[in-house]
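Please open the model in a viewer and keep the sequence panel visible. The tour below proceeds by selection, one stop at a time.

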Amino acid sequence: MDGTLRILLVIVAATLPAALIHELGRAAAALLLTKGRVIVLLGSGRPLASVRIGRRLLLAPTARLLLDGECLHEPTTSPRRATVILLAGPLAGDVVFLAAAALAATWQGGVLQHPTLQLALFTFALVALTRASADLIRAHGHRPGLVAAPAAGKPVPAAR
């Protein structure tokens, strides 16, 4: 198999677990800081099916599985709690990046015996870091308690 094609296939394969870990990081924070049900959507669009984990967590893959993910939870009353939930996903991605990169870098004989697996670990680490960084860049302009106005696109205070 061509090296470029192999790398592209590994990137596509690493996207789903990285998205799952990212959204489960948010879900864990939402489960701790809210009282309602937490829904993790893998992808974008309508859910195809759902799997209930415990009483409050629901996992649901969508038709566009690799593109995005979302963690839905009840609104929090505290902007601090909303910020913690928002930052939990990138934090989980950064922790996974460090673990996967450390494992790939310290694997004795990995390059000679299992080059595809070591490539997969490095790629997974980079995909997790990229998702976390992109999410932090998007969240930089977000302020908890504000929603976008439909016409003007400017943030307005949320209704209480």
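Which residues of H4 are buried? Select helix H4, residues 115-139: the buried positions are Gln-118, Leu-121, Thr-123, Phe-124, Ala-125, Val-127, Ala-128, Arg-131, Ala-132, Asp-135 and Ala-139. Here buried means under 20% relative accessible area, exposed over 50%, and partly exposed in between, with a 1.4 Å probe and protein chains only.

Before the next stop, some conventions are required. The model is predicted, so local features need pLDDT of at least 70 and side-chain atom pairs count only at pLDDT 80 or more, while totals for chains, interfaces and linings use all residues. Residues are numbered from 1 along each chain as its sequence is written, and side-chain values use heavy atoms, with hydrogens and water left out.

**The whole chain**

Display the chain as a cartoon. It contains 4 helices and 5 strands, in the order α-β-β-β-α-α-α-β-β from the N terminus. Helices (H or I, at least four residues) and strands (E, at least two) are DSSP runs, numbered from the N terminus. Of the 160 residues, 31% count as buried. The exposed area of the chain is about 10,200 Å², of which carbon and sulfur atoms supply 67%; accessible areas come from the Shrake-Rupley method with a 1.4 Å probe, and for residues only the protein chains shown count as cover.

**Helix H4 and Thr-123**

Return to H4 and mark its first and last C-alpha. Its 25 residues reach 36 Å, close to the 36 Å expected at 1.5 Å a residue; the expected span is 1.5 Å times one less than the number of residues. Next select Thr-123, which lies in this helix and is buried at 9% relative accessible area. Leaving aside residues up to four places away in sequence, Thr-123 touches Val-10 and Ile-11, a contact being heavy atoms within 4.5 Å.

**Helix H1: Ile-11 and the salt bridge**

Follow that contact to Ile-11, in helix H1 (residues 3-33). At 33% relative accessibility, Ile-11 is partly exposed.

Finally, select Glu-23 and Arg-26. How many salt bridges does the structure hold? There is 1, a salt bridge being a side-chain nitrogen of Lys or Arg within 4 Å of a carboxyl oxygen of Asp or Glu. Glu-23 and Arg-26 form a salt bridge, with their closest N and O atoms 3.9 Å apart. The two residues are 3 apart in helix H1, and therefore separated by about one helical turn. Glu-23 is buried at 2% relative accessibility, and Arg-26 is buried at 10%.
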